[in-house]
2 protein chains.
Amino acid sequence: MTTKNYYSKNILSALKHDPPGAWMPVVPDGCVRLSSGFPDASLVPVNEIQQAVTRLLNAERDLPLHYVGSPSIDQLQQWLLCRMNERNIHIKRDELLVTSGACQAIDLIARILIDEETYIVVESPTYMEALEIFQNYTDRILTVPVDGNGMQTDKLEDLLAERKLKNQPLPKVVYTIPTFQNPTGTSLSPERRKHLLELAETYDFLVMEDDAYGELSFDQPVNTLKSMDQAGRVFYIGSLSKVVAPGMRVGWIAARAEWIETLFRFKKDLDHPFAQSVMAAFLEETDWTKHLSNLQSLYQSKCSTLLNALEACMPEKVTWTDPKGGYFVWLTIPGADTGALLAKATEAGVSYIPGQYFYLQQENGLSQMRLSFSAADEGEIVEGVRRLAGVFKS
Amino acid sequence: MTTKNYYSKNILSALKHDPPGAWMPVVPDGCVRLSSGFPDASLVPVNEIQQAVTRLLNAERDLPLHYVGSPSIDQLQQWLLCRMNERNIHIKRDELLVTSGACQAIDLIARILIDEETYIVVESPTYMEALEIFQNYTDRILTVPVDGNGMQTDKLEDLLAERKLKNQPLPKVVYTIPTFQNPTGTSLSPERRKHLLELAETYDFLVMEDDAYGELSFDQPVNTLKSMDQAGRVFYIGSLSKVVAPGMRVGWIAARAEWIETLFRFKKDLDHPFAQSVMAAFLEETDWTKHLSNLQSLYQSKCSTLLNALEACMPEKVTWTDPKGGYFVWLTIPGADTGALLAKATEAGVSYIPGQYFYLQQENGLSQMRLSFSAADEGEIVEGVRRLAGVFKS
């Protein structure tokens, strides 16, 4: 028997693409991991989570270990609603769905909106996992370039106007990471945010706002698209992965109640009572303002260290973005092939993610790379940049 | 804007059905919950899981709280492979996918095999959540009745032969819970197991074997379909929900490596490092043979209590199944409408699940109900049956 003869016709187009994670570079031991989008190990609240488990199971006993029934699950939802409220996103319980991280959130939204005839727009470059998810649903993916102020919404408008003029189908969804974008670290300017939502109204599309890094601002808090979304066109995607711990798998969607009801219908991993209850118990005893402020100042310091090291070591032609938050800096090395260079870099003891993996048309990212300042410590960052500069110069 | 105008065409047929859980009866406080498919509270290893978390985080610190990197995740996979091996399912690492419980496993398999043109077969009655999942993919669902020896495979053969004769499309997948079935508690006889796999070969279909209750045997272990599956047509679905704790959300799929690779592509909630690592740490310190034997003897005793209480209290016309394992007994009350009776029953202080919810054609289950002996304690079971008998007699 040939296993592939049995597949649903709805997945045949997805199977034409590489399997997920196929791009993931293997990083040898001893490398400085400027590739890693993990949170800083010292900021992962190991002891606090241990204590949260103890408190939770002492208080609730077997409840968080059943399918439903732990009061802590309600508590987590309540906490997320409050958090949304503080970010000027005023939603009710039926406008919230807790997910297993942002990835499941993106997948669920794609599931209810996108079929193989649907056109969508993504930023170029964009989050590679999101690209993989969208390619499970459609090949009709359009791209809009990102600059130092995020997605170039004037180019989006050109694209939409041209398609309309030519009577081509218009995109149904625009996926954006407007704040401290993965991979560039840049943010959509307030003017462009307004412009994007106006375009959504004029050209009748929906917006997926991936805000995984939104709370990690080095300056003032950044206003979300969802907080400006009068028309209810925005699916807001939140995550505690970058601000608490990714291994807990807690993310969420804020959207119109009708959509939340439909999303829930397709979320077949059920709730995760233990993980969600532990998260609730952790959050209950956490001074969130102080917690965030700790994260912000450490990541800001690490970002400065990275930028200073780049300034000190890099050949003149190399340029980079200037993030105001998040985890990432985006480098451009004119004429380089960062994919080909990676083997030399890891040999020299430093890893990064080659730019190509963040592009639908991979050749667009040949001269670029993503550096992360989140996981490595400051000494490693300095050493990693020194090693990288050595590779560029050789 | 009308939200439903934006939906993917692939979900429109799913939206014609009731939203998930719409059937769930609200059980008033003070009711004996013979409806509940939860494990017995006293068997949920609360203290052991608390200790597992402490051991895990002391030993691995932040590792299980990141996306990947905890050695315990490997350990869980290794444990599952050993467990499969002990049940005569000899698979390698690339033939295993850990999922968020059996529900996600069923959903993922449906995702890769079933589209709106696919015919499938389910048992009648069957697990209601599985029905909901399948209806998210297709309306072409055929049913085969279950008796005291599980699915009536001779009727399945009749159905297949007739469809072939009439040149009608044949089903691609048969979903079965062959051991201690939900809801009937019955098991597929060895002869029928063999027959089912022969039919799969002759009529070229695949089998989804949901084995959530398979280890909860009161007698000898029951051979799985997967252990007899020479042709590689069986997707085995396992779960630790009924034997450890559902709130941990640990299930798995054992199938051909090519299929596992494809299933992984669509599993977009990523791994669950914390929950899976805690499970691994718990299992490492658990004498599984002793653990299972405790579960088996307690559930056997509760099952006997339920059967004896039924024998003592029920009017003569009421009949029930005689499970050799699992969580459930299935009652038939000729002429009753168990859906309509539920309000009276909860008023009298006892709950059950009306039979209709386990049927594609709900009218087939009017005179039936599922009683669970898993969650209520023995005293409650006796009292619950007494109350139920009172309702039937009035």
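These are my notebook entries on a predicted model with chains A and B.

**Ground rules**

I number residues from 1 along each chain as its sequence is written, with chains lettered from A and ligands numbered from 1 in the order in which they are written. Since this is a predicted model, local features need pLDDT of at least 70, side-chain atom pairs count only at pLDDT 80 or more, and totals for chains, interfaces and linings use all residues; side-chain values use heavy atoms, with hydrogens and water left out.

**Entry 1: the two copies**

I began with how the chains relate. Two copies of a chain are related by a rotation about an axis and a shift along it. Here a turn of 180 degrees and a shift of 0.0 Å along the axis lay chain B on chain A with an RMSD of 0.0 Å (least squares on the C-alpha atoms of residues with pLDDT of at least 70 in both). The two copies are thus related as by a two-fold rotation axis.

Which residue of chain B comes closest to the rotation axis? I found B:Ala275, with its C-alpha at 3.3 Å. I also checked the interface: 100% of the interface residues of chain B are interface residues in chain A too, so the copies meet through the same surface.

**Entry 2: B:Pro64**

Next I looked up B:Pro64, in the loop between α1 (46-60) and α2 (71-86) of chain B. Helices here are DSSP runs of H or I with at least four residues, strands are runs of E with at least two, and both are numbered from the N terminus.

Is B:Pro64 buried or exposed? B:Pro64 is buried, at a relative accessible area of 0%. My cut-offs are under 20% for buried, over 50% for exposed and partly exposed in between, with a 1.4 Å probe and protein chains only.

Leaving aside neighbours within four places in sequence, B:Pro64 has contacts that include A:Gly247 as well as B:Leu56, B:Pro273 and B:Ser277 (contact means heavy atoms within 4.5 Å). B:Pro64 and B:Ser277 are 213 residues apart in sequence, yet 6.3 Å apart in space, C-alpha to C-alpha.

The loop between α1 and α2 of chain B also holds B:Arg61. I noted its phi near 50 degrees, a positive value in a residue other than glycine. Most residues other than glycine have a negative phi, and most peptide bonds are trans. B:Arg61 is partly exposed, with a relative accessible area of 34%.

**Entry 3: helix pairs**

Two packed helices are described by the angle between their axes and the distance between the axes. I use lines fitted to C-alpha atoms over the stretch in contact, with angles from 0 to 180 degrees between N-to-C directions.

In chain A, the axes of α1 (residues 46-60) and α8 (residues 273-284) come within 8 Å and cross at roughly 105 degrees. That makes α1(A) roughly perpendicular to α8(A). The labels go like this: under 35 degrees is roughly parallel, over 145 roughly antiparallel, 65 to 115 roughly perpendicular and the rest oblique. Among the residues making the contact are A:Leu56 of α1(A) and A:Phe274 of α8(A). By class, the contact has nine nonpolar, one polar and two charged residues. I count Ala, Val, Leu, Ile, Met, Phe, Trp, Tyr, Cys and Pro as nonpolar, Asp, Glu, Lys and Arg as charged, and the others, Gly among them, as polar.

In chain B, I looked up α5 (residues 153-165) and α6 (residues 190-202), whose axes come within 9 Å and cross at roughly 15 degrees. α5(B) is therefore roughly parallel to α6(B). The contact includes B:Leu156 and B:Leu160 of α5(B), and B:Leu196 and B:Leu199 of α6(B). Its classes come to four nonpolar, two polar and three charged residues.

**Entry 4: a covered helix and two cis bonds**

How many residues of α4 (residues 128-135) of chain B are buried? Eight of its eight residues are, so I put α4(B) down as mostly covered. What covers them includes α3 (101-113), β3 (120-124) and β4 (141-147) of chain B.

In the loop between β3 and α4 of chain B sits B:Pro125. A cis peptide bond joins B:Ser124 to B:Pro125, with omega about 5 degrees. Over in chain A, I noted a cis peptide bond between A:Asn182 and A:Pro183, with omega about 20 degrees.
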